[in-house]
Amino acid sequence: MSVSVDPTFVEPSGKQPTEVLRPHAEDAFAGELAALAAQDDRPRPARWKLSPWAVATYLRGGTLPDGTVITPKYVGPRRLVEVAVTTLATDRALLLLGVPGTAKTWVSEHLAAAVSGDSTLLVQGTAGTPEEAIRYGWNYARLLAGGPSRDALVPSPVMRAMAEGMTARVEELTRIPADVQDTLITILSEKTLPIPELGQEVQAVGGFNLIATANDRDRGVNDLSSALRRRFNTVVLPLPESVEAEVDIVARRVDQIGRSLDLPAAPDGIDEIRRVVTVFRELRDGVTADGRTKLKSPSGTLSTAEAISVVTNGFALATHFGDGVLRAGDVAAGMLGAVVRDPAADRVVWQEYLEAVVRERDGWKDFYRACREVSA
Amino acid sequence: MAGAEAGGGEAVGEGTARDRGSGAVGPLLLGVRHHGPGSARAVRGALEAARPRVVLIEGPPEADALIPLAAHEDMRPPVALLAHAVDEPGRSAFWPMAEFSPEWVAIRWALEHGVPARFIDLPATHTLAWEGGTGEGEEAAGLGVRVDPLAALAGAAGCDDAERWWEDVVEHRGAGEGDAFAPFVVLEEAMGALREAYGSGGHERDLVREAYMRLQVRAAQREFGDAVAVVCGAWHVPALRRKAAVAADRALLKGLPKVKADMTWVPWTYRRLSRFSGYGAGIDSPGWYGHLFAAPDRPVERWMTRVAGLLRAEDRIVSSAHVIEAVRLAETLAVMRGRPLAGLSETTDAVRAVMCEGSDVPLALVRDRLVVGDVLGEVPRTAPAVPLQRDLDRLQRRLRLKPEARERETELDLRKETDAERSRLLHRLRLLGVGWGEPVASRGSTGTFRETWRLRWEPELSVRVAEAGVWGTTVQAAATAKAEADAVAAHGLAEVTALAEHCLLAGLSGALPAVMQVLADRAALDSDVGHLAQALPALVRSLRYGDVRGTDTGALAEVAAGLAERVFVGLPPACAALATDAAEEMRGHVDGVHTAVGLLDDATAAGDSGTDSDLRDRWRAVLRVLSGRDGIPGVIRGRAVRLLLDDGELGQDEAARLMGLVLSPGTPPGDAAAWIEGFVGGGSGGGMLLVHDERLLGLVDAWLTGVPADAFTDVLPLLRRTFSAYEPGVRRTLGELVRRGPGRRGSAAGASAGAPGFAPELDTDRADAVLPVVRLLLGLDGDREQHDDNNLAGVTG
């Protein structure tokens with residue numbers, strides 16, 4: 001979240017194969033990790049590259065005694081980082097929850113990089129993730145040639161992490177079908193992965209742990225069973241704390257997306273962005289920015305990611321069909337779409353918001369009219 | 001810090017404490033933090049070790065006589081010492097004590113060991129006189145630890161959170177480890193350094209109080225030698241240790257203002273302990289502190305078990321494995337954060353991550369029930385009367401409203417000042433749960449200016465008054481505080497509305513802002529338009545009562561307008577696809593809102609205009625939507641058309657057109673009958689409308705005759721209900737009009753110039769009959785006298 005991707009073009013492949021679009025955390029911040037490890041004199045849990053304190057410092061940022069500056073990787077509440085690191089240190093699996101755009105994956109990658117020095121033991125969860133991705137698969141050529149043996153077995157990232165005492169990561173855990181999710185239960189509680197075909201098992205060695213990320217307000221996800229849920233400590237990553245932080249994120253991302261979509265240089269619409277962010281935050285929090293009036297919250301998530309898409313959409317409209325300046329009318333329609341997910345209940349919420357809050361607010365007349373136009 | 005502790009421990013061992021007893025060192029000064037469980041434990045340990053012959057405690061000396069009550073078997077902390085000015089019960093100050101308060105521990109220790117205990121702070125006689133009002137009372141009544149110096153101390157220790165630092169070094173220290181006096185010595189040193197840097201900390205009155213305390217300590221020393229223990233805020237310890245000239249102290253105390261003060265014990269709650277306190281050091285987590293104090297060992301494990309129990313009682317699945325993991329996480333977090341013991345923040349983080357699945361919702365429950373807690377104290381009935389009782393006595397005398405056990409009815413005319421005040425008093429008492437008077441329906445007059453009450457004072461009401469003492473020292477203040485608390489605790493919107501009404505009746509304008517805020521919040525979150533529509537008329541009614549009683553109702557009007565706004569938005573979707581019963585109920589809501597909007601308009605018209613008429617306009621727009629949208633039950637559509645018609649918003653022609661649409665053959669007869677019920681049904685004078693507008697009657701008639709035979713029996717009950725509600729006269733007229741036959745109806749629907757209900761053209765015969773009289777009156781010609789007479793006779797006959 002706090003690091004912007006350098007948008008300059010990438011060298012054509014072949015010329016410099018190491019120049020990847022996005023290096024892993026442990027490569028990008030190798031210097032910082034090495035400096036931390038060198039000066040870390042606190043006790044480290046088995047197979048951890050750093051002590052828990054050093055891991056927390058790596059994420060929160062700071063200056064080491066020798067003057068090395070550690071850049072902050074996560075700018076949210078300190079408490080969350082401490083709970084997350086402590087969870088891993090107490091040998092419990094960690095579940096990072098949050099709406100899209102709250103840096104779940106980012107935090108999980110950096111945690112894995114700092115703890116195990118390797119953030120690549122990754123299972124990407126999708127609706128089609130098979131059991132093999134979490135347990136093990138078979139190399140069928142070898143299986144047919146020599147029958148079941150350890151040689152014919154293709155270990156999953158989780159299995160490798162268990163064997164080597166590393167941190168495994170599961171992305172989008174709730175998108176994985178429920179029956180596949182449940183294979184994690186044994187791994188997390190018994191710390192062992194049986195291979196019945198061989199009559200063997202893989203037992204986790206000290207240092208093995210698992211970080212999962214999940215989206216908690218998305219519709220149509222496979223909820224975790226309580227048996228699995230019980231094996232995780234949960235940390236909910238919050239949305240940006242202040243309006244300014246969120247406006248900043250939205251403006252920056254809109255700028256990046258705009259460039260990749262070849263929109264002309266983003267017109268100056270910071271006021272409109274602020275307005276979109278304000279509306280999103282107020283509806284999400286169920287209370288106006290001044291904290292005086294309560295509001296109903298719509299059923300949608302209204303994440304920062306959606307605010308970004310509303311603004312991007314508005315810019316495209318303003319550029320192609322308007323005068324190039326982002327105006328209330330350009331974002332109104334997108335806003336309506338983002339807020340009103342359930343046509344019956346959300347429409348009432350939106351109209352109440354318009355009548356009770358937007359109409360009375362100074363300088364929001366144009367926005368009110370634009371929204372009334374598209375809502376009618 | 002650790003080094004200082006060790007050093008201090010050697011310096012003041014058990015032996016030194018005895019040296020003190022022989023007079024070498026001076027009194028045993030135990031500096032504490034008010035409501036600190038660690039301090040309380042340390043105080044008990046120190047008292048056990050030193051065995052003083054007298055215990056002196058920071059607090060108003062007027063309460064000395066009340067100390068024995070602390071050992072009474074009916075006494076349950078949290079309680080508070082309450083000082084109030086005799087002539088002015090509103091002027092008061094509280095010294096709350098929980099079971100984990102060091103002061104309470106000291107009192108109990110003294111009582112258990114038969115040692116005298118005395119309060120040594122400046123008498124309440126003076127402190128009450130100092131204060132301008134109640135609000136300042138807490139501030140002046142005695143502060144233990146200043147926030148600023150504490151922060152400086154914590155900063156020196158390299159910790160940014162002063163509260164947490166204090167907990168770590170003082171409150172979380174386990175009992176019984178090492179020397180009982182060591183913590184106090186260390187603390188005194190630290191406070192001494194602070195006092196050198198900050199002086200009185202900007203509170204000049206502290207110097208006076210400390211002078212008084214010094215004199216008291218000296219007096220005790222003369223009596224008991226040096227076997228004197230003093231329990232006071234750590235801040236005061238260096239000042240008490242200082243050798244000051246008696247004359248200088250006396251000089252400081254000269255000429256202090258005085259009021260006649262009275263003291264008693266009152267029950268207290270943990271919640272109020274967390275809000276503010278007479279010792280000035282309010283605490284956020286009384287429940288947690290109470291737990292720390294009460295738990296014999298393993299506080300974190302016991303706490304987690306309690307949390308799990310609470311969550312289980314609320315139907316969350318929490319297993320023992322959860323508890324184990326939560327304890328592990330909390331303890332590791334404490335290590336990670338460098339704290340000696342998992343504190344409240346660690347346990348809270350652990351509960352959130354392990355037991356609440358990261359959610360703050362169950363956590364709020366934990367905070368409310370356990371961290372703050374619901375503990376309510378009790379005081380024995382032998383405790384002196386609370387000021388609330390005195391205030392009530394005063395009011396009863398002044399208003400000549402004697403408490404009698406015999407039941408009697410009294411009638412109040414609210415236009416008279418005394419009666420209005422009596423009414424307010426009775427309403428306030430009712431709010432406080434003191435059911436002295438019950439309002440009964442007035443006999444005879446029904447005006448809003450009259451109230452009838454049935455009064456009866458039962459002995460148990462005195463107990464109720466004593467219980468209500470926790471809310472405040474005067475009837476008004478107590479009722480205000482109670483109303484505010486009730487508003488927060490109320491379940492439904494209707495409850496809050498009723499409370500708002502009650503507040504107005506009781507003249508509690510002080511409570512209104514809080515109640516209104518709750519009301520606005522509840523209204524914003526309530527998604528049932530029915531609730532909102534129900535609340536609106538009551539609110540508007542309150543607005544009018546407020547007018548009668550001269551209360552300020554600006555906030556009320558604002559909230560009512562907001563509520564109306566929400567009803568407007570929510571009503572059309574809420575009306576769609578309703579069953580018959582629900583539709584009928586919703587029609588009642590539409591009527592109620594219509595009346596309310598009208599009244600609201602009138603009520604606020606005197607204030608700023610513009611927005612009000614706006615409100616009415618928007619209501620009409622809503623009605624238009626209701627009248628025209630398919631899928632809304634007929635009875636509501638009909639009602640909406642009727643309301644618009646009555647308001648002159650809809651022309652007769654338009655109404656007839658809408659009616660024609662509904663009554664056209666394509667509409668199911670049941671729906672059409674419901675529309676008619678909505679349009680002309682009920683006691684809304686619908687019959688007269690039909691009598692006067694024959695076009696509408698004609699439409700109804702034509703539709704009714706066109707209803708197919710098999711459907712007729714279905715619509716009959718509904719129609720019968722509609723028409724049977726009319727007055728007999730109206731029914732008969734309608735019947736006659738219908739009987740007059742179809743020929744007339746045709747002309748009624750025609751396009752000629754006549755107004756509805758009248759023939760299209762003048763009846764020349766009958767018009768001619770009037771002419772002679774006109775002529776006569778105007779004195780024109782008299783030659784047609786005969787003719788006129790006949791006609792006149794005809795007319796009169």
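The questions below concern helices, loops and backbone angles in a predicted model.

Me: How far apart are the end C-alpha atoms of helix α24 of chain B?
Reply: Helix α24(B) covers residues 512-525, which makes 14 residues. At 1.5 Å a residue, the expected span is 20 Å. The distance between the end C-alpha atoms agrees with this: 20 Å.

Me: Is Ala487(B) buried or exposed?
Reply: Ala487(B) lies in helix α22 of chain B, residues 475-489. A residue is buried if 20 or more other C-beta atoms lie within 10 Å of its own. Ala487(B) has 23 such neighbours, so the residue counts as buried.

Me: Which residues of α24(B) does Ala487(B) touch, leaving aside residues up to four places away in sequence?
Reply: The contacts of Ala487(B) include Val496(B) and Leu499(B). The buried residues of α24(B) include Val515(B) and Val518(B). Helix α24(B) runs over residues 512-525, and the contacts of Ala487(B) in that range are Ala514(B), Val515(B) and Val518(B).

Me: Is Arg400(B) buried or exposed?
Reply: Arg400(B) sits in the loop between α19 and β8 of chain B. Its phi is positive, about 50°, although Arg400(B) is not a glycine. A residue with 12 or fewer other C-beta atoms within 10 Å is exposed. Arg400(B) has 8, so this residue is exposed.

Me: What is the omega of the peptide bond that joins Pro77(B) and Pro78(B)?
Reply: Pro78(B) lies in the loop between β2 and β3 of chain B. The bond joining Pro77(B) and Pro78(B) is cis, with an omega of about 5°.

How values were computed: Residues numbered from 1 in each chain as written. Chains lettered and ligands numbered in written order. Predicted model: local features only at pLDDT ≥ 70, side-chain atom pairs only at ≥ 80, totals over all residues. Helix = DSSP H or I, 4+ residues; strand = E, 2+ residues; numbered from the N terminus. Expected span 1.5 Å × (residues − 1). Contact = placed C-beta atoms within 7 Å.
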